[in-house]
Amino acid sequence: MSGVAPLPRPEPSASAPLPRREPPASARLPRREPPAGAPLPRRAFLASGAAAALLARPSPAAAQAGGDQDVLTRALRFEQTTLFAYDEVGRSRLLGRGAGARFAHLRAHESSHVAALAKTLAGRGWTAPPPPARVDDVEVPQIRAAIDGLRDRSAALSLLREVEELSIEVHRAALAALREPQHIQLVARLLAAESTHLVAWRAVR
Amino acid sequence: MVTRRGLLAASVALLAGCGSDDAGPEERASERPGGISSLADVALLNDALALERRAGNARSAALLERLIRRARGDVHPLDPGPAPPDPVTAQDELVALYVDYLPKLSEPRLRGDVGGLLAAAAWRGAELRERAGGEPAPAALFDGARPEEVRG
């Protein structure tokens, strides 16, 4: 015995794989797992890594304040990026009429997310970051690349699914970092909505 | 009417000391396993476990059991009450529960884990709505409440 206590076994991480969903009785949707409910495949791992990278980079205004201001500011930046991606897809007209109503519905949700986070920041006297004005302003490399690669309907659907997958990871990380109950509850509702969005886009063929 | 769940949530919030709207951003109560806040977290997790089991979400229930043990707690789910009228409602009730309970959980890492369970419940409800020909994403700020018109 060296006298040194052995290190404790590592606990499961905050992003520990969640349970797979129960098998559906009649699956019309693709047999995919809930994004946060399954062992992460490589693509999802890369996606969550990018989300974590985004979260690790505080905005200049919020860098010193830290805490909820920083986390909410980063959540808003991601929602602004999501809305920008939706608008790029809308401008491209690649989705076609078939998905038009769903696109308008979910784009309105994303706009509400931006407004809710901006209102929360403003209510505390915290400055909201400016939204991306052009593709080069998008901070997440794979979203920027996916916008650049908008060539057909399949690419448009992939982009929308990707931003929703990433937003789930971003908001889940935010839940662990926030302190104030009302902020946690807001982000929880955003997270739940983004999860339903991902199902909605995966159902579109 | 005061429900059993309402009473539990109120007592847990009191125990954890984090349920008031004017709680500041400062550190919460002790987050050590076995501490007061950890006991409160375990009570909330056991409540969620009862609903996950009732909804038939075996894997989510298994993860909750792991989380309870990680917090040095015992798995003792209470009776969740009468079964919901349909599977979509069962998932929406879980969403509502997690949205309500997340701010009351004191351990930050636990909130990340439970956030995953929230996402999974919302996912399952959306899939069921989509299959039934309804709107999978009923609200921009989804808390499990469903307007009548979006029911599948």
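This report describes the helices of chains A and B, selected residues within them, and two helix packings.

The structure is a predicted model, and the account below starts with the make-up of chain A before turning to chain B and to the place where helices of the two chains meet.

**Chain A**

Chain A contains seven helices and zero strands, and its pattern along the sequence reads α-α-α-α-α-α-α. Of its 205 residues, 53% count as buried. Where contacts in chain A join residues at least 6 apart in sequence, 70% of them link residues at least 24 apart.

One residue that illustrates the interior of this chain is A:Leu72, which is placed in helix H3 of chain A, residues 67–92. Because the relative accessibility of A:Leu72 is 0%, the residue counts as buried. Leaving out residues up to four places away in sequence, A:Leu72 touches A:Leu117, A:Thr120, A:Leu121, A:Trp126, A:Leu178, A:His183 and A:Val187. By contrast with these contacts, the C-alpha atoms of A:Leu72 and A:Glu194, which stand 122 residues apart along the chain, are separated by 16 Å.

H3(A) also packs with helix H6 of chain A, residues 153–177, the two axes coming within 10 Å and crossing at roughly 170°. At that angle H3(A) is therefore roughly antiparallel to H6(A). On the side of H3(A), the residues making the contact are A:Asp68, A:Val71, A:Ala75, A:Phe78, A:Glu79, A:Thr82, A:Ala85, A:Tyr86 and A:Val89, while H6(A) contributes residues including A:Leu159, A:Val163, A:Glu164, A:Ser167, A:Val170 and A:His171. Sorted by residue class, the contact of H3(A) with H6(A) comprises 14 nonpolar, three polar and three charged residues.

**Chain B**

In chain B, helix H3 covers residues 58–70, and its 13 residues reach 18 Å from the first C-alpha to the last, close to the 18 Å expected at 1.5 Å a residue. The buried residues of H3(B) are B:Ser60, B:Ala61, B:Leu63, B:Leu64, B:Glu65, B:Leu67, B:Ile68 and B:Arg70, a list in which B:Glu65 and B:Arg70 appear alongside several leucines.

Helix H4 of chain B, residues 87–101, has 15 residues and spans 21 Å between its first and last C-alpha atoms, close to the 21 Å expected at 1.5 Å a residue. H4(B) is mostly covered, with eleven of its 15 residues buried; among them are B:Val88, B:Asp92, B:Leu94, B:Leu97, B:Tyr98 and B:Tyr101.

Helix H5 of chain B, residues 108–131, holds B:Leu110, whose relative accessibility of 1% is why the residue counts as buried. Apart from neighbours within four places in sequence, B:Leu110 is in contact with B:Asp41, B:Leu45, B:Leu67, B:Arg70 and B:Leu105. Two of these partners, B:Leu67 and B:Arg70, are also listed as buried residues of H3(B). The C-alpha atoms of B:Leu110 and B:Leu67 are separated by 7.6 Å, although the residues are 43 apart along the chain.

**Loop residues with positive phi**

Each chain has a residue other than glycine with a positive phi, A:Arg93 in chain A and B:Arg72 in chain B.

| Residue | Phi | Loop | Relative accessible area |
|---|---|---|---|
| A:Arg93 | about 55° | between H3 and H4 of chain A | 73%, exposed |
| B:Arg72 | near 65° | between H3 and H4 of chain B | 56%, exposed |

**Where the chains meet**

Two packed helices are described by the angle between their axes and the distance between the axes. For helix H7 of chain A, residues 181–202, and H5(B), the angle is about 40° and the axes lie 8 Å apart. H7(A) and H5(B) are therefore oblique to each other, and H7(A) passes H5(B) in a right-handed crossing. From H7(A), the residues A:Ile184, A:Ala188, A:Leu191, A:Ala192, A:Ser195, A:Thr196, A:Leu198, A:Val199 and A:Arg202 take part, and they meet B:Arg111, B:Gly115, B:Leu118, B:Ala119, B:Ala122, B:Trp123, B:Ala126, B:Glu127 and B:Arg129 of H5(B). The residues of this contact between H7(A) and H5(B) divide into eleven nonpolar, three polar and four charged.

Conventions: Residues are numbered from 1 along each chain as its sequence is written. Chains are lettered from A and ligands numbered from 1 in the order in which they are written. This is a predicted model: local features need pLDDT of at least 70, side-chain atom pairs count only at pLDDT 80 or more; totals for chains, interfaces and linings use all residues. Side-chain values use heavy atoms; hydrogens and water are left out. Helices (H or I, at least four residues) and strands (E, at least two) are DSSP runs, numbered from the N terminus. Buried means under 20% relative accessible area, exposed over 50%, partly exposed in between (1.4 Å probe, protein chains only). Contact means heavy atoms within 4.5 Å. Axes are lines fitted to C-alpha atoms, for helices over the stretch in contact, and angles run from 0 to 180 degrees between N-to-C directions. Angles under 35 degrees count as roughly parallel, over 145 as roughly antiparallel, 65 to 115 as roughly perpendicular and the rest as oblique. A crossing is left-handed if the near helix is turned anticlockwise from the far one by less than a right angle, and right-handed if clockwise. Ala, Val, Leu, Ile, Met, Phe, Trp, Tyr, Cys and Pro count as nonpolar, Asp, Glu, Lys and Arg as charged, and the others, Gly among them, as polar. The expected span of a helix is 1.5 Å times one less than its number of residues.
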